[in-house]
Amino acid sequence: MKIAPAAGDALIVVDMQNDFLPGGSLAVAGGNDIIPQLNRYLAYFAAHRLPVVATRDWHPPDHYSFQPQGGPWPPHCIAGSDGAAFHSGLELPITTHIVSKATARENDAYSAFSGTQLDELLQALHIRRVFVGDIATEYCVFNTVKDALRLRYAAFVLEDAVRAIERQSGGGQRALQEMVYLGAQFIHYEELA
Ligand code: VGL
Ligand code: ZN
């Protein structure tokens, strides 16, 4: 199916940060493999003057989701650190809107809508459809897509530009199925008109 992105559409790049990529503290296997594909989407949206949003996990050093505090995760994406920086190979347009999440010690946010101004931002930009990709499929991508649908956006998942953590094997596939069940559609770069 051909899809023609147009006014009202935005690209949401979820958490393409060094700590989630090979060499990082919570690395998603193969996370680097999607960068070239993602750059194609970024170039497409930039060329069509459509908004791009990049989300980032942006934790304080003693965030409660970290293992030393009794949480499930190794420390990752500490605000301002190299690990929290976007991967240097990511070709974000200079107009990219950056949304930081889980910035308070006692709050975690797998969804980019949780505790952020993302909904207000998208409304101000008159966005009705979001195109969501990156990492991790079964955590931040899944929860962002779920909230987008709940908030009545149409949601497309960039199936060729997502990667899963796979803490539980098959978690990525299950999340993809669940997103479709909830009303999301998959898109592949070749389908952009
Ligand atoms: C994420 C685990 C912990 C994510 C963030 O971005 O998917 N996963 N914090
Ligand atoms: Zn986190």
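In this predicted model, an N or O atom in the side chain of H76 lies 3.1 Å from a nitrogen atom of ligand 1. The protein buries 100% of the 260 Å² that ligand 1 exposes when taken alone. H76 also coordinates the zinc ion (ligand 2) through NE2.

**Contacts of ligand 1**
- A nitrogen atom of ligand 1 is 3.0 Å from a polar side-chain atom of D57.
- At C140 the contact is with the backbone: a polar atom there lies 3.2 Å from an oxygen atom of ligand 1.

**Surroundings of ligand 1**
- Ligand 1 occupies the largest cavity.
- The shell around ligand 1 consists of eight nonpolar residues, one polar residue and two charged residues.
- Among the residues around ligand 1 are the aromatic-named positions F20, W73, Y110 and Y139, together with L26, A136 and I165.
- D15, D57, H76 and C140 are also found around ligand 1.

**Zinc site**
- D57 (OD), H59 (NE2) and H76 (NE2) coordinate the zinc ion (ligand 2) at 2.0 to 2.2 Å.
- The spacing of these donor residues in sequence is D-x1-H-x16-H.
- The arrangement around the zinc ion (ligand 2) is irregular because its four donor atoms subtend angles of 85 to 170 degrees.

**Residues in both sets**
- D57 and H76 belong to the residues around ligand 1, and D57 and H76 are also among the residues that coordinate the zinc ion (ligand 2).

Terms used. Residues are numbered from 1 along each chain as its sequence is written. Chains are lettered from A and ligands numbered from 1 in the order in which they are written. This is a predicted model: local features need pLDDT of at least 70, side-chain atom pairs count only at pLDDT 80 or more; totals for chains, interfaces and linings use all residues. Side-chain values use heavy atoms; hydrogens and water are left out. A residue is near a molecule or strand if one of its heavy atoms lies within 4 Å of it. A polar contact is a pair of N or O atoms within 3.5 Å; within protein, one must be able to donate a hydrogen and the other to accept it, and residues adjacent in sequence count only if both atoms are side-chain atoms. Accessible areas come from the Shrake-Rupley method with a 1.4 Å probe; for residues, only the protein chains shown count as cover. On a 1 Å grid over the protein atoms alone, a cavity is a set of points where a 1.4 Å probe fits but cannot get out, and a pocket is an open set with protein on both sides within 12 Å along at least five of seven lines; lining residues have an atom within 4 Å of a point. A molecule sits in a cavity or pocket if more than half of its atoms lie within 2 Å of its grid points. Ala, Val, Leu, Ile, Met, Phe, Trp, Tyr, Cys and Pro count as nonpolar, Asp, Glu, Lys and Arg as charged, and the others, Gly among them, as polar. Donors are N, O and S atoms within 2.8 Å of the metal (3.2 Å for Na, K and Ca); water is not among the atoms, so sites may look incomplete. Four donors count as tetrahedral if all angles lie between 85 and 135 degrees; four count as square planar and six as octahedral if opposite donors are over 155 degrees apart and all others between 65 and 115; anything else is irregular.
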